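Visitor: I am new to this structure. Could you take me through it?
Guide: Certainly; please look at it first.

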Amino acid sequence: MIGTWHGLIIDCPDPSSLAAFYAELLGMVKVQDDGDWVVIGDAPDRPGVAFQQVEDFRAPTWPTQEAPQQMHFDVRVDDLDAGERAVLELGARRLDGGGETYRVFADPIGHPFCLVTM
């Protein structure tokens with residue numbers, strides 16, 4: 001092993017609002033807020049997800065790769081229908097694609113993520 005996972009950093013135009021979306025989606029809390037850099041996690045000394053402000057943000061496209069996805073979360077849920085209702089209420093939107101065990105959505109600024117069951 002070379003190192004340990006520290007975090008995932010997501011580019012966005014408004015770190016605070018996107019961090020709030022993912023904190024609710026993933027059951028995390030804000031552990032750092034410097035305005036243009038916001039981190040959520042389950043504790044300040046554990047790996048987290050950071051959101052950094054970038055100028056001229058270009059949202060990814062789905063399913064084409066005109067603007068690449070850059071990253072996406074797979075979020076495990078017990079019930080896809082209930083999960084879908086909940087993320088849509090948070091501000092996500094449904095994207096094309098999916099199957100019996102997963103559905104594809106976009107967060108409020110366009111990053112794709114999936115709800116999955118196993």
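Guide: A term is needed at the outset: two strands pair if DSSP finds at least two bridges between them. This is a predicted model, and an open sheet of four strands in it has the order β1-β4-β3-β2, with mixed pairing.

Visitor: Which strands stand at the edges?
Guide: The edges are taken by β1 and β2 (29-33); each has a single partner strand, so one side of each is left without a neighbour in the sheet. On average, neighbouring strands of this sheet are turned by 25° against each other, direction ignored.

Visitor: In which sense do β1 and β4 pair?
Guide: They pair in the parallel sense, over six bridges. I9 stands opposite A50 in β4.

Visitor: What lies across β1, β2, β3 and β4?
Guide: That is α1, which runs at about 10° to β3.

Visitor: Now the interior. How many residues has the largest nonpolar core?
Guide: It has 22 residues, and those with the most contacts inside it are Y22, F51, F73, F113 and L115. The elements that each supply at least two residues of this core include β3 (37-41), β5 (73-76) and α2 (80-90). The most comes from α1, with six residues. Another core, of five residues, lies apart from it, with L95, V104, A106 and V116 among them.

Visitor: What does F113 touch?
Guide: Leaving aside residues up to four places away in sequence, F113 touches several residues, including F21, Y22, F73 and V87.

Visitor: And T117, buried or exposed?
Guide: T117 is buried because its relative accessible area is 17%, and buried means under 20%. T117 lies in the segment after β8 (112-116).

Notes:
Residues are numbered from 1 along each chain as its sequence is written. This is a predicted model: local features need pLDDT of at least 70, side-chain atom pairs count only at pLDDT 80 or more; totals for chains, interfaces and linings use all residues. Side-chain values use heavy atoms; hydrogens and water are left out. Buried means under 20% relative accessible area, exposed over 50%, partly exposed in between (1.4 Å probe, protein chains only). A nonpolar core is a set of buried Ala, Val, Leu, Ile, Met, Phe, Trp, Tyr and Cys residues joined through side-chain atoms within 4.5 Å. Contact means heavy atoms within 4.5 Å. Axes are lines fitted to C-alpha atoms, for helices over the stretch in contact, and angles run from 0 to 180 degrees between N-to-C directions.
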